[in-house]
Amino acid sequence: MVNNFSIDVKNLNKHFGDQHVVKDFSLQIDRGEIHGFLGPNGSGKTTSIRMMCGLLTPDSGSGHCLGMDIFTQRDQIKRRIGYMTQHFSLWGNLTIRENLFFISRLYSLEQPKALVERTLSELGLLSRQHQLVKVLSGGWKQRMALAACLLHKPSVLFLDEPTAGVDPKARREFWQTLHRLSDEGISILVSTHYMDEAERCHKIAYLSSGNLLARGSIQSIIQAQNLTTLKISGSGLTVLENRLQRFDAIEQTVIFGSSLFATGRDEEKLKAVLAQVIPAEYEIQRVKTTLEDAFACLMKNDNEKSLS
Ligand SMILES: Nc1ncnc2c1ncn2[C@@H]1O[C@H](COP(=O)(O)OP(=O)(O)OP(=O)(O)O)[C@@H](O)[C@H]1O
Ligand SMILES: [Mg+2]
């Protein structure tokens with residue numbers, strides 16, 4: 001091993017034609033770490049994932065996955081990682097069990113029967129093993145796809161939006177499985193658009209237009225933004241929100257039910273704006289800034305920078 005990181009890439013770049021879609025991308029992931037990967041559509045998450053697992057050659061940069069070079073040892077890497085693609089790509093006309101057997105043959109895995117039985121049991125798929133994959137619900141399909149990429153006992157998992165469109169209960173169960181795998185020492189890079197999932201990760205990375213805007217623990221990312229959030233409770237909130245948005249001291253606003261949240265960088269200026277705009281009968285409370293607030297501000301600043 002070059003070092004102890006399961007994934008260690010530095011300054012990866014990728015162009016498609018004249019579009020520079022991933023820019024100087026660096027990331028390190030420890031053994032057993034669940035690393036979230038966030039960013040708007042088209043920000044370069046899938047492209048970065050494909051470079052890290054040796055499926056796509058970067059234009060420049062360097063990196064290792066499980067100590068193996070992502071440029072020169074791509075075939076060895078593929079045998080040690082599991083990759084769950086963004087779009088479901090298993091065989092709908094086969095049952096869960098048949099799919100797993102088919103995959104074990106494709107990869108010439110030893111003792112396929114034992115592997116399939118173990119995986120079905122560990123992923124809680126035994127009761128559904130004889131169902132055709134095309135009739136499964138979204139949650140079961142994703143569980144099946146996870147089983148397929150765990151069959152060969154990989155040490156690193158790349159999961160590209162594994163729970164998109166899956167209901168909350170199935171997502172919760174899926175994440176329980178991810179934490180169990182992490183406890184077993186498997187490193188996981190998982191892309192998601194869901195904030196609640198981001199908060200379940202040990203660390204996260206946030207990509208925008210191919211640039212890594214933030215990286216670290218949830219707490220450190222929120223703290224680094226140094227924001228204050230105030231909650232305003234009452235009725236007629238959209239009118240107040242419109243008024244607040246005209247002030248520079250307001251970074252962003254959002255309404256949840258009967259509460260309006262206003263976030264700013266300078267606490268005193270934020271309070272002064274609220275004192276001016278919000279009528280006295282409204283209750284105002286300081287609350288914790290959320291990860292979503294922090295990302296919204298990061299994006300806003302990044303857009304302003306690219307426009308200036
Ligand atoms: N094979 C390709 N050829 C040309 N352009 C591509 C190719 N793959 C991706 N792109 C472009 O690169 C950019 C980044 O795409 P990518 O799929 O990595 O984003 P993403 O963050 O995964 O988005 P999403 O959240 O929608 O999955 C997009 O503008 C996309 O159109
Ligand atoms: Mg993608």
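The following exercises, each with a worked solution, concern a predicted model of one protein chain with its ligands.

Residues are numbered from 1 along each chain as its sequence is written, while chains are lettered from A and ligands numbered from 1 in the order in which they are written. Because the model is predicted, local features need pLDDT of at least 70 and side-chain atom pairs count only at pLDDT 80 or more, whereas totals for chains, interfaces and linings use all residues, and side-chain values use heavy atoms, with hydrogens and water left out.

**Exercise 1. Overall build**

Describe the chain in terms of its secondary structure, its extent and its domains.

Solution. Begin with the secondary structure: the chain has 11 helices and 14 strands, taken as DSSP runs numbered from the N terminus (H or I with at least four residues for helices, E with at least two for strands). Next, the C-alpha atoms fill a box of roughly 70 × 45 × 35 Å along the principal axes. Of the 308 residues, 48% count as buried, where buried means under 20% relative accessible area, exposed over 50% and partly exposed in between, with a 1.4 Å probe and protein chains only. Contacts are heavy atoms within 4.5 Å, and among those with a separation of 6 or more, 67% join residues 24 or more positions apart.

Then turn to the domains: the assignment gives domain 1 (7-216) and domain 2 (222-307), with bounds that come from an automatic or database domain assignment. Their C-alpha centres lie 36 Å apart, and the contact between them takes 10 residues from domain 1 and six residues from domain 2.

**Exercise 2. The nonpolar cores**

Identify the largest nonpolar core and state which helix gives the most to it.

Solution. A nonpolar core is a set of buried Ala, Val, Leu, Ile, Met, Phe, Trp, Tyr and Cys residues joined through side-chain atoms within 4.5 Å. By this criterion the largest core has 46 residues, and those with the most contacts inside it are Leu146, Leu157, Leu159, Leu178, Ile188 and Ile204. Helix α5 (residues 138-150) gives the most to this core, with seven residues, and the core draws at least three residues from each of domain 1 and domain 2. A second, separate core of 25 residues includes Phe25, Leu56, Leu189 and Ala205.

For a closer view, take Ile188 and leave aside its neighbours within four places in sequence: Ile188 is in contact with Glu33, Ile34, His35, Leu157, Leu159, Leu178, Leu181 and Ser182.

**Exercise 3. The magnesium ion and ligand 1**

Work out which residues coordinate the magnesium ion and which backbone atoms approach ligand 1.

Solution. Start with the metal, whose donors are N, O and S atoms within 2.8 Å (3.2 Å for Na, K and Ca); water is not among the atoms, so sites may look incomplete. The magnesium ion (ligand 2) is coordinated by Thr46 through OG1 and by Gln86 through OE1, at 2.0 to 2.2 Å. Thr46 lies in helix α1 (residues 45-52) and Gln86 in the loop between β6 (81-84) and α3, so the pair ties together parts that are 40 residues apart in sequence. Both count as partly exposed, Thr46 at 24% relative accessibility and Gln86 at 30%.

Now consider ligand 1, which is surrounded by 14 residues, the closest being Gly42, Lys45, Thr46, Thr47 and Gln86; a residue is included if one of its heavy atoms lies within 4 Å. Polar contacts to the ligand are pairs of N or O atoms within 3.5 Å. An oxygen atom of ligand 1 is 2.7 Å from a polar backbone atom of Gly42, while the corresponding distances are 3.2 Å for Ser43 and 3.0 Å for Gly44.

**Exercise 4. Positive phi and exposure**

For Gln111 and Lys153, give phi, location and accessibility.

Solution. As background, most residues other than glycine have a negative phi. Gln111 has a positive phi near 50°, lies in the loop between α3 (96-106) and α4 (112-122), and is exposed, with a relative accessible area of 63%. Lys153 has a positive phi near 55°, is found in the loop between α5 and β7 (156-160), and is exposed at 54%. Just after α3, Ser108 also takes a positive phi, of about 50°.

**Exercise 5. A buried lysine**

Is Lys14 buried or exposed, and which residues does Lys14 touch?

Solution. Lys14 lies in strand β1 (residues 7-16) and is buried, with a relative accessible area of 10%. Beyond residues up to four places away in sequence, Lys14 touches Gln19, His20, Val21, Val22, Thr47, Met51, Leu56, Thr57, Pro58 and Asp59.

How values were computed:
Polar contact = N/O pair within 3.5 Å; in protein donor to acceptor, adjacent residues only side chain to side chain.
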